[in-house]
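Let's walk through this one together with some questions and answers. Have a look at it first, then read on.

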Amino acid sequence: MKPLPLSLIASLVFAAAARAEIPLKLDGKPTQGALVIGRTEPGARVTLDGRPIAVDSSGAFALGFTHDAKREWTLAIASRGETLRRTLAVAPRQFKVQRISGVDQKYVEPPPEVMKRLEDEYFLVRKARERASAEPFWRTGFIWPAMGRISGVYGSQRIINGKPLRPHFGVDVAAPPGTPVRAAAAGTVSLAHGDLYFSGKTVIIEHGLGVSTLYIHMQELRVATGDHVAQGQIIGTIGTTGRSTGPHLHWGLNLGQDYLDPATIVGPMPGPAAASKP
């Protein structure tokens with residue numbers, strides 16, 4: 001039997017490679033409030049329900065599902081002339097109701113003279129969340145930014161001084177004033193502000209592809225807008241600035257303008273604080 005020509009062998013190998021399924025790996029469970037990290041092959045185009053998703057040069061991308069995300073999404077990955085489609089089932093969650101009293105009423109019903117300030121600050125923060133650098137520094141994962149008692153959880157309905165407000169989009173870590181606050185991952189400081197009306201001393205760090213973390217109510221800031229920070233670097237200290245009833249860190253997570261749950265990107269808090277109940 002005559003051996004196959006090398007040109008034919010090469011074409012068969014190429015055809016087999018072309019038919020190989022596009023690789024896809026997802027880290028994290030699709031859940032309301034979750035950030036899910038995906039990985040595929042370099043050069044692939046990714047969409048979620050038809051909306052383009054940023055992909056870095058290695059094939060990494062990030063998906064975010066808000067607290068009220070619908071149950072099913074279609075993830076599509078196009079590469080090599082083919083498209084891989086996966087239906088993502090997003091698990092629902094039950095969120096708590098948290099009642100807080102004793103808050104200065106000016107933070108519950110802001111007076112007319114501060115409305116222009118609030119509008120300006122809203123757009124300042126929104127612009128900071130628009131930053132989306134090409135390098136995903138979150139490849140190394142995330143860490144808890146501070147140690148302490150968990151005093152507030154993501155998604156809980158806030159009723160402050162008897163008035164229902166929007167859900168709480170972060171995790172609160174209560175600890176003594178001056179407790180160090182560290183960057184949850186490496187990235188660039190897209191905002192460092194010493195006095196926002198509701199959040200007080202505030203830092204936002206963009207970690208790549210639009211993933212950012214928020215640190216508010218701090219007593220002291222140790223970074224400035226534009227700084228590059230390493231994971232674990234001290235960026236400030238816990239305080240009680242802005243709308244706050246006691247010293248704590250409010251830690252938030254965003255993908256673009258979507259509010260996500262930072263507890264979905266870290267494990268249990270290490271040490272004795274892990275036993276604290278929300």
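Q: Is H168 buried or exposed in this model?
A: Keep in mind that the model is predicted. The cut-off for buried is under 20% relative accessible area. H168 comes out at 6%, so H168 counts as buried.

Q: Where along the chain does H168 sit?
A: Look between two strands, strand 11 (163-167) and strand 12 (171-174). The place of H168 is in the loop between them.

Q: Which side chain makes a polar contact with the side chain of H168?
A: The side chain of H168 has a backbone partner, the backbone oxygen of G170, at 3.1 Å. For a side-chain partner, go to 3.2 Å, where H168 makes a polar contact with the side chain of D172.

Q: Which residues is H168 in contact with, leaving aside its neighbours within four places in sequence?
A: Those neighbours don't count here, and what remains is a list from other parts of the chain. H168 is in contact with H250, R158, S156, G155, Y154, V153 and G152.

Q: Which residues of strand 12 point the other way from V171 and V173?
A: In a regular strand, side chains take turns between the two faces of the sheet. Strand 12 has V171 and V173 pointing one way, and all the residues named here are buried. Pointing the other way are D172 and A174.

Q: In strand 19, which residue does V171 stand opposite?
A: Strand 12 and strand 19 (residues 248-255) run antiparallel and are joined by 4 bridges. Across from V171 in strand 19 stands W251.

Q: What is the bridge partner of R149 in strand 12?
A: Strand 9 and strand 12 run antiparallel, with 3 bridges joining them. The bridge partner of R149 in strand 12 is A174.

Q: How is the aromatic pair of F95 and Y154 arranged?
A: A pair of rings is described by the distance of the centres and the angle of the planes. For F95 and Y154, the centres are 6.1 Å apart and the planes make 70 degrees. Planes over 60 degrees apart count as edge-to-face, so with 70 degrees this pair is edge-to-face.

Q: How many residues apart in sequence are the parts that F95 and Y154 tie together?
A: F95 lies in the loop between strand 7 and strand 8 (97-100). Y154 lies in the loop between strand 9 (149-152) and strand 10 (157-160), so the pair ties together parts whose separation in sequence is 59 residues.

Q: Which residues do ring pairs link into a cluster with F95 and Y154?
A: Y154 is buried at 2% relative accessible area, while F95 is partly exposed at 24%. The ring pairs link both of them into a cluster with F169 and Y259.

Q: Which residue lies over the face of Y259?
A: Here we want a charge above a ring, and the distance to the ring centre is 5.0 Å. The residue over the face of Y259 is R166.

Q: What is the order of the strands in the open sheet of 4 strands?
A: Its edge strands are strand 4 (51-53) and strand 7 (82-89), and each pairs on one side only. Strand 6 (residues 72-79) pairs with strand 7 in the antiparallel sense over 8 bridges. The pairing in the sheet is antiparallel, and the order is 4-3-6-7.

Key. Residues numbered from 1 in each chain as written. Predicted model: local features only at pLDDT ≥ 70, side-chain atom pairs only at ≥ 80, totals over all residues. Heavy atoms only, no water. Pairing = 2+ DSSP bridges. Buried < 20%, exposed > 50% of the residue type's maximum accessible area, 1.4 Å probe, protein only. Polar contact = N/O pair within 3.5 Å; in protein donor to acceptor, adjacent residues only side chain to side chain. Contact = heavy atoms within 4.5 Å. Phe/Tyr/Trp six-rings, centres within 6.5 Å; stacked < 30°, edge-to-face > 60°. Lys NZ or Arg CZ within 6 Å of the ring centre and 35° of its normal.
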